[in-house]
Amino acid sequence: ASPQFIHLHGEALPRPSHSTVQELAAGLGAAAASVSPKFFYNALGSRLFDAITVLDEYYPTRIEAGIFEASHAQIAATLAEIGIQNPCLIDLGAGNCAKAMALIPHLQPRQYVPVDISVDFLKGAAEQVQHRFPALEIVALGMDFSAGLQLPDQVQAHDRIFFYPGSSLGNFQPEQALQFLQHIADPTQGKARGLLLGIDLLKDTATLEAAYDDALGVTAAFNKNLLLNVNALLQSDFDVRQWRHVALFNTSHSRIEMHLEARCALTVSWPGHERRFSAGERIHTENSYKYTLEGMTRLLKAAGFARTGYWTDPARQFAVFLAMV
Ligand code: AVI
């Protein structure tokens, strides 16, 4: 078998959609400039993110893998209790599909649906999954699900288990996270039976800031590469050398913030526009919210999940939640 690819309203260069251009221009033109973190993930950005996940400082991937390793038998048993033996595993923000590949032998899905905005990267990753599991039915979806998660008919409607690892839910504002979870839990929308969710937990500021500002500068490159992606999509003329990577923990919002800070006064242009930045002015590129076990349990309940449970590491750095509708 070979994977089926479906590209839904994706960004096929050289012509990004009108709404993408509008979104970028509005964010950059605002008094407090911002660009959505989804623009990190062009082909190079996805590779830089892969590199981040193996850095010493970036503990989430390593700790999450350990939690899954220790709990996959219990996860499979919990699903079996409610009669789910061969689910449809929908992998949100699948990236290199490595996390799902570790889980597939234990969950034995009938269908695997990796979803990612980085379309070409996803194709390569889905092919690798198919090579490793030749009999598995794979429907790979290239789409920006931050705008809404309308799944095509090719995705099996029953026994859906959504897999959202890596604390990616933390990149949404809490209100957006609630809406997204509500959508998944809604029987007429996401049609989920369950959600397997990886969440980074609140901890000391030094550990958090080091994870987002590593000594090698990989996260800095990941952040600055966003400007190269914006240049390609908006035909703008950002010079990455003029920008500095900033990562800080905002205690009152319980979130890591990433910014790009202008090293000097400068002007950026794109067709029909010009935007001046003063020295030290920032573009906000990402929030990464850190939750408590109680806070995430509350959010899942508020979204409509009836049963929730979690597994965590001994130091309670990271948690894997299984939430059932
Ligand atoms: C994908 N997401 C969960 C990562 C995070 O930790 O917020 C993205 C990232 N940004 C910098 N490092 C990693």
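**Aromatic rings and the ligand shell**

Biologist: Is tyrosine 41 buried, partly exposed or exposed?
Modeller: In this predicted model, tyrosine 41 has a relative accessibility of 23%. Buried would require a value under 20%, and exposed a value over 50%. The value for tyrosine 41 lies in between, so the residue counts as partly exposed.

Biologist: Into which class of exposure does phenylalanine 49 fall?
Modeller: The relative accessible area of phenylalanine 49 is 25%. As the buried class ends at 20% and the exposed class begins over 50%, phenylalanine 49 is therefore partly exposed.

Biologist: How many aromatic pairs does the model contain, and why is the pair of tyrosine 41 and phenylalanine 49 given its geometric name?
Modeller: Ring centres must lie within 6.5 Å to pair, and the count by this rule is 15 aromatic pairs. For tyrosine 41 and phenylalanine 49, the centres are 6.1 Å apart and the planes stand at 80°. An angle over 60 degrees sets the class, so this pair is edge-to-face.

Biologist: Which residues form one aromatic cluster with Tyr41 and Phe49?
Modeller: Tyr41 and Phe49 belong to one aromatic cluster. The other members of that cluster are Phe40, Tyr58, Tyr212 and Phe222.

Biologist: Which residues come nearest to the ligand?
Modeller: The ligand has 14 residues around it. By class, this shell has 7 nonpolar, 6 polar and 1 charged residues. Those that come nearest are Tyr58, Asn171, Tyr212, Glu286 and Ser288.

Biologist: How much of the ligand does the protein bury?
Modeller: An oxygen atom of the ligand is 2.5 Å from a side-chain N or O atom of tyrosine 58, and an oxygen atom of the ligand is likewise 2.5 Å from such an atom of tyrosine 212. For asparagine 171, the side-chain N or O atom is 2.9 Å from a nitrogen atom of the ligand. Taken alone, the ligand exposes 340 Å², and the share of that area buried by the protein is 97%.

Biologist: Which elements each supply at least two residues of the shell around the ligand?
Modeller: Both helices and a strand take part. The elements that each give at least two residues to the shell are α2 (43-52), α8 (218-234) and β11 (282-289).

Biologist: Over which ring does the charged end of arginine 275 sit, and at what distance from its centre?
Modeller: A charge has to be within 6 Å of the ring centre to be counted. The charged end of arginine 275 sits over the ring of phenylalanine 277, and its distance from the ring centre is 4.3 Å.

Conventions
Residues numbered from 1 in each chain as written. Predicted model: local features only at pLDDT ≥ 70, side-chain atom pairs only at ≥ 80, totals over all residues. Heavy atoms only, no water. Phe/Tyr/Trp six-rings, centres within 6.5 Å; stacked < 30°, edge-to-face > 60°. Buried < 20%, exposed > 50% of the residue type's maximum accessible area, 1.4 Å probe, protein only. Lys NZ or Arg CZ within 6 Å of the ring centre and 35° of its normal. Near = heavy atom within 4 Å. Polar contact = N/O pair within 3.5 Å; in protein donor to acceptor, adjacent residues only side chain to side chain. Areas by Shrake-Rupley, 256 points an atom, 1.4 Å probe, with all protein chains shown as cover. Helix = DSSP H or I, 4+ residues; strand = E, 2+ residues; numbered from the N terminus. Nonpolar A, V, L, I, M, F, W, Y, C, P; charged D, E, K, R; others polar.
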